[in-house]
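Q: I'd like a close look at one part of this model, and then a walk through whatever else is worth pointing out around the chain.

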Amino acid sequence: MTNQPFFLRHGNGFMPTPVANGPWSPESLHGRVVIGLLAFVIEERHGSDDFVPARLTVDMFRLPNITTPIEVTTKLVRDGLRIKLIEAEFFSGGTSMARASCQLLRRTENAPGNVWSPPNWEVPAPSDIPKPADPRLGMNGKWETRPIIGHMGSLGARRLWMSEVRELVEGVPMTPFVHVATGADFASPFANAGDQGLGYINSDVTIYLHRLPVTRWIGFEVVNHHASDGVAIGECWLYDEQGPIGTSTVAALAQRRPMTNPPPP
């Protein structure tokens, strides 16, 4: 692993590295790493191979500073035979910055009968798409992308592949759950950016998964954006190279000063 991780272990908590900064301020953390770290701690403390993390909701209500140590606390709300519910809280410098709720469901057999589902998307595999030459893509190496159709802010269909290129926490390979959780925040700019730039900052992310990804590439397909009175929602369907895995949905607030030149995906 040659790329710097987003976090280092720091006592019982974590310390951000410089690459963990976000697009709104170089001194604050990117929402993606806040979500990823909450998922990391939830899975590390409460995960099990017998359960699927079917839903993760993260509320982000303050911007953590990139130079401040972080602590994540968790609470086991329900420890049932078929359902587990975990709550987690993200503290930066002793101040609560974000909260998460994660529902884990026990693996079992599908119910009998046939149920309609949307068809799988038909797109080139990541290995069949040339690596973009623009060094700014993926916020200068925070992640890697393979554009399929459209781009952030284009009016029309938007699809791409995304893959992580660095560890979230130093020395710990990303699990499939942490991988998809870390990338899920991308649903906000991908769905909510318009022809005049990115005018919305998301306040939450909710991920629904019916299975975990089995490949390192996660596909994003914009399927919804609506806004009224400065409040927006955006949604992407998520895929791996074998097919659909779930959705990522966000709520967002209009910014007074839109990001007219958002970093390319």
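Leaving out residues up to four places away in sequence, which residues does Ile149 touch?

A: Before the details, keep in mind that this is a predicted model. Ile149 touches Ala157, Arg158 and Arg159 once residues up to four places away in sequence are set aside. You'll find Ile149 in strand 7, which covers residues 143-149. Buried or exposed? Ile149 falls in between: its relative accessible area is 41%, so it counts as partly exposed. For a sense of distance, pick Gln242: Ile149 and Gln242 are 93 residues apart in sequence, and their C-alpha atoms are 19 Å apart in space.

From Gln242, step along to Gly243, which lies in strand 13 (residues 243-259). Here the accessibility picture is a buried one, as Gly243 has just 2% relative accessibility. Not counting neighbours within four places in sequence, Gly243 is in contact with Asn120 and Arg211. If you want a long ruler line to draw on screen, try Gly243 to Gly94: they are 149 residues apart along the chain, with 41 Å between their C-alpha atoms.

Asp229 is another spot to click on. It sits in the loop between strand 11 (218-228) and strand 12 (231-240), and it is exposed, at 82% relative accessible area. Its backbone deserves a glance too. Most residues other than glycine have a negative phi. Asp229 has a phi near 55 degrees, a positive value in a residue that isn't glycine.

Now for some helix packing. Two packed helices are described by the angle between their axes and the distance between the axes. For helix 1 (residues 31-46) and helix 3 (residues 176-183), the axes come within 7 Å and cross at roughly 155 degrees. Anything over 145 degrees counts as roughly antiparallel, so helix 1 is roughly antiparallel to helix 3. The crossing of helix 1 and helix 3 is right-handed. Helix 1 brings Arg32, Ile35, Gly36, Ala39, Phe40 and Glu43 to the contact, and helix 3 brings Phe177, Val178, Ala181, Thr182 and Gly183. Sorted by class, the contact between helix 1 and helix 3 has six nonpolar, three polar and two charged residues.

Helix 3 is well covered: seven of its eight residues are buried, so it is largely enclosed by the rest of the structure. The buried ones in helix 3 are Phe177, Val178, His179, Val180, Ala181, Thr182 and Gly183.

Carry on past helix 3 and you reach Asp185, in the loop between helix 3 and helix 4 (187-192). Despite being charged, Asp185 is buried, with a relative accessible area of 5%. What does it contact? Leaving aside neighbours within four places in sequence, Asp185 is in contact with His30, Gly31, Arg32, Ile35, Met60, Asn202 and Val205. Two of those names, Arg32 and Ile35, belong to helix 1 and also take part in the helix 1 and helix 3 contact. By contrast, Asp185 and Pro69, 116 residues apart in sequence, have 22 Å between their C-alpha atoms.

Leu63 is worth a stop as well. It is found in the loop between strand 3 (51-60) and strand 4 (70-79). Not counting residues up to four places away in sequence, Leu63 touches Ser28, Leu29 and Met97. The C-alpha atoms of Leu63 and Val34 are separated by 9.6 Å, with the two residues 29 apart along the chain.

Last, the cysteines, since you may be wondering about them. A disulfide is a covalent bond between the sulfur atoms of two cysteines. How many disulfides does the structure hold? It holds zero. Take Cys102: its closest cysteine sulfur is in Cys236, and at 20 Å that is too far for a bond. Seen from the other end, the closest cysteine sulfur to Cys236 is the one in Cys102, again 20 Å away and too far for a bond. Cys102 is buried, with a relative accessible area of 0%, and Cys236 is buried with 0% too.

Methods: Residues are numbered from 1 along each chain as its sequence is written. This is a predicted model: local features need pLDDT of at least 70, side-chain atom pairs count only at pLDDT 80 or more; totals for chains, interfaces and linings use all residues. Side-chain values use heavy atoms; hydrogens and water are left out. Axes are lines fitted to C-alpha atoms, for helices over the stretch in contact, and angles run from 0 to 180 degrees between N-to-C directions. Helices (H or I, at least four residues) and strands (E, at least two) are DSSP runs, numbered from the N terminus. Angles under 35 degrees count as roughly parallel, over 145 as roughly antiparallel, 65 to 115 as roughly perpendicular and the rest as oblique. A crossing is left-handed if the near helix is turned anticlockwise from the far one by less than a right angle, and right-handed if clockwise. Contact means heavy atoms within 4.5 Å. A disulfide is a pair of cysteine sulfur atoms within 2.5 Å. Buried means under 20% relative accessible area, exposed over 50%, partly exposed in between (1.4 Å probe, protein chains only).
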